[in-house]
Amino acid sequence: MKLLKWLSVTDRFTKAYLDEQMAPFGINSSQHMYLLKICAQPGISQDSLLNSFYVHPSNIVRMIAALEKRGYITRTPCQQDKRTWLLYPTELALSIVDDIKRICRETETLLLEEFSAEEQIAVENALWQMGKRITQKLHIERAEDIYDDINK
């Protein structure tokens with residue numbers, strides 16, 4: 001039970017730390033992933049975010065609405081399918097994306113700084129394997145894609 005406890009504690013406090021670091025930009029630890037993805041793939045469809053993050057569609061809608069309200073993204077109807085929205089970063093988003101990436105790198109460094117390079121790789125691989133096993137156990141379709149996408 002120690003593993004589950006410390007995974008939960010680490011997750012909760014890492015999110016709190018990221019929330020604190022990203023507060024000056026008006027985004028949180030949940031929204032930053034969407035912002036990074038949209039900046040990396042301007043014109044990505046809202047549906048593609050579902051396939052990237054494997055969360056409930058209402059979470060995607062809520063995150064997109066919050067980012068749009070703050071002026072970080074714009075939504076445009078797809079010309080081929082008017083039911084589909086394409087997402088684009090604004091100049092404001094592009095102006096902070098490097099800061100968000102830096103915060104993510106610094107947070108990873110903070111979490112792993114006591115580990116040797118070999119141990120860091122072992123920790124990342126162990127977490128990857130644990131995540132892969134649990135998604136397979138839950139019969140999540142395209143679980144392999146989750147882990148391929150995360151490693152990009």
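These are my notebook entries on a predicted model, covering its core, one strand residue and helix 6.

**Setup.** I number residues from 1 along each chain as its sequence is written, and my side-chain values use heavy atoms, with hydrogens and water left out. Because the model is predicted, local features need pLDDT of at least 70 and side-chain atom pairs count only at pLDDT 80 or more, while totals for chains, interfaces and linings use all residues.

**Core.** I looked up the largest nonpolar core (buried Ala, Val, Leu, Ile, Met, Phe, Trp, Tyr and Cys joined through side-chain atoms within 4.5 Å) and found 24 residues. Ile27, Leu35, Leu49, Tyr72 and Ile73 have the most contacts inside it. Helix 5 (91-112) is among the elements giving two or more residues, and helix 5 gives the most, with six. Helices here are DSSP runs of H or I, at least four residues, and strands are E runs of at least two, numbered from the N terminus.

**Leu49.** Beyond neighbours within four places in sequence, I find Leu49 in contact (heavy atoms within 4.5 Å) with residues including Tyr34, Ile60 and Leu87.

**Ser45.** Ser45 lies in strand 1 (residues 44-45). I have it as buried (under 20% relative accessible area, 1.4 Å probe, protein chains only), at 14%. Outside its neighbours within four places, Ser45 is in contact with Thr84, Trp85 and Leu86.

**Helix 6.** Which residues of helix 6 are buried? I get Gly131, Lys132 and Thr135. They cover an arc (directions from the helix axis to the C-beta atoms) of only 100°, so they sit on the same side of helix 6. The face turned away carries Glu118, Arg133 and Lys137, which are exposed (over 50%). Just after helix 6, His139 takes a positive phi of about 60°.
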